[in-house]
Amino acid sequence: MEESCTGKDFYTQHFNPRDHLAKYYKISLVDDGLGQFVTFFLKGAHRAFTLDGIKGDTLIDIGSGASICQFLSACESFREIIATDYADQNREEMQRWLKKELGAFDWTPIVKYVCELEGDRGRESPKSRQAVPEMRCDPTQPFGPAGSSSCRLLALHALYMVGQHKFSVLFLEKEVIEEAVRQAGFKMVLFVIKYFVSLVRVYVCAGFCFP
């Protein structure tokens, strides 16, 4: 039987970003499970923004959560990165990192990994904090004009635990994403699919599209 998606109210009431970051990002990046899951996205962002040279004025990230992974390679390629999320607690957690507050999640191992991918950066770029304002976004409602020159699309299918609560991530078929991108007037320039059987039924695809 297909699992239903986690409702917005349940998510905002029970999702704890600190528990989520500790479980899924405070990990060894060489592990076959979660480590490979995280590095998949880090390598994809590196390929898109550094190797393929995708750049522009504004990058809008829909459903950022409390994670900064997707911004580390993009910060040198865009003047502005807008992080969006529906849940207040996710935006508050990211603000702790942006403001370098005591107790903010330590992204050092992931930042170092991205620096190694980039090859010529020995430390976190100061732009990675300066370029990321935040806004609230409900992905179930139409997203108004953003003046964006780019859009990052990520689609996952997973059931995962945060604390004592189970959450789902929306499942989208490859063809559905491609058609939505086409109808929106964008073209797909990178679409990568990878399967992760060691995670809890995780099934991931990532795409980058530009008008």
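Modeller: Before we start, "buried" here means under 20% relative accessible area. Keep in mind that this is a predicted model.

Biologist: Fine by me. Tyr11 and Phe167: buried or exposed?

Modeller: The cut-off I just gave decides this one, under 20% relative accessible area. Tyr11 falls in that class and Phe167 does too, making both residues buried.

Biologist: And how much of the protein counts as buried?

Modeller: The protein has 211 residues. The share of them that counts as buried is 44%.

Biologist: What pattern does the protein follow along the sequence?

Modeller: There are 7 helices and 7 strands to place. Read from the start of the sequence, they come in the order α-α-α-β-β-α-α-α-β-β-β-α-β-β.

Biologist: Of the contacts with a separation of 6 or more, what share comes from residues 24 or more positions apart?

Modeller: One example of a link between distant parts of the chain is the ring pair of Tyr11 in helix H1 (residues 8–14) and Phe167 in strand E5 (residues 165–169), 156 residues apart. For contacts with a separation of 6 or more, residues 24 or more positions apart account for 66%.

Biologist: Let's look at those rings. How are the planes of Tyr11 and Phe167 arranged?

Modeller: The protein has 9 aromatic pairs in total. In this pair the ring centres are 5.7 Å apart and the planes stand at 80°. Planes over 60 degrees apart fall in one class, so the Tyr11 and Phe167 pair is edge-to-face.

Biologist: Which residues are linked into a cluster by ring pairs?

Modeller: Tyr11 and Phe167 both belong to it. With the other members added, the cluster is Phe10, Tyr11, Phe15 and Phe167.

Biologist: On to helix packing. Helix H3 and helix H5: parallel, perpendicular or oblique?

Modeller: The axes of H3 (residues 34–51) and H5 (residues 108–118) come within 10 Å and cross at roughly 40°. Under 35 degrees would count as roughly parallel, and roughly perpendicular runs from 65 to 115. The angle of roughly 40° fits neither class, so the two helices are oblique.

Biologist: How many nonpolar, polar and charged residues does the contact of H3 with H5 have?

Modeller: From H3 come Val38, Thr39, Leu42, Lys43, His46 and Thr50, and they meet Ile110, Tyr113, Val114, Leu117 and Glu118 of H5. Lys and Glu count as charged, while Thr and His count as polar. By class, the contact has 6 nonpolar, 3 polar and 2 charged residues.

Biologist: Is that crossing left-handed or right-handed?

Modeller: The angle, roughly 40°, doesn't give the hand away. As H3 passes H5, the crossing is right-handed.

Biologist: What about H2 and H4, at what angle do their axes cross?

Modeller: Helix H2 covers residues 17–24, and the two axes come within 9 Å. The contact is made by Pro17, Arg18 and Leu21 of H2 with Gln89, Asn90 and Glu93 of H4. By class, those residues split into 2 nonpolar, 2 polar and 2 charged. The crossing angle is roughly 65°.

Biologist: Asp88 lies in H4 as well. What is its exposure class?

Modeller: Seven other H4 residues, including Trp97 and Leu98, are buried. Asp88 has a relative accessible area of 41%, between the 20% and 50% cut-offs, so Asp88 is partly exposed.

Biologist: How far apart are the C-alpha atoms of Asp88 and Thr12?

Modeller: Along the chain these two are 76 residues apart. In space, their C-alpha atoms are separated by 7.5 Å.

Biologist: Which residue just after H4 takes a positive phi?

Modeller: Most residues other than glycine have a negative phi. This one lies in the loop between H4 and H5, with phi near 55°. It is exposed, with a relative accessible area of 63%. The residue is Lys100.

Biologist: Last one: which residues does Ser77 touch, leaving out those up to four places away in sequence?

Modeller: Ser77 sits in the loop between strand E1 (56–61) and strand E2 (78–85). Its relative accessible area is 15%, under the 20% cut-off, so Ser77 is buried. The residues it touches are Phe49, Ile54, Lys55 and Gly56.

Note on methods. Residues numbered from 1 in each chain as written. Predicted model: local features only at pLDDT ≥ 70, side-chain atom pairs only at ≥ 80, totals over all residues. Heavy atoms only, no water. Axes fitted to C-alpha atoms, helices over the stretch in contact; angles between N-to-C directions. Helix = DSSP H or I, 4+ residues; strand = E, 2+ residues; numbered from the N terminus. Parallel < 35°, antiparallel > 145°, perpendicular 65-115°, else oblique. Left-handed = near helix turned anticlockwise from the far one by under 90°. Contact = heavy atoms within 4.5 Å. Phe/Tyr/Trp six-rings, centres within 6.5 Å; stacked < 30°, edge-to-face > 60°. Buried < 20%, exposed > 50% of the residue type's maximum accessible area, 1.4 Å probe, protein only.
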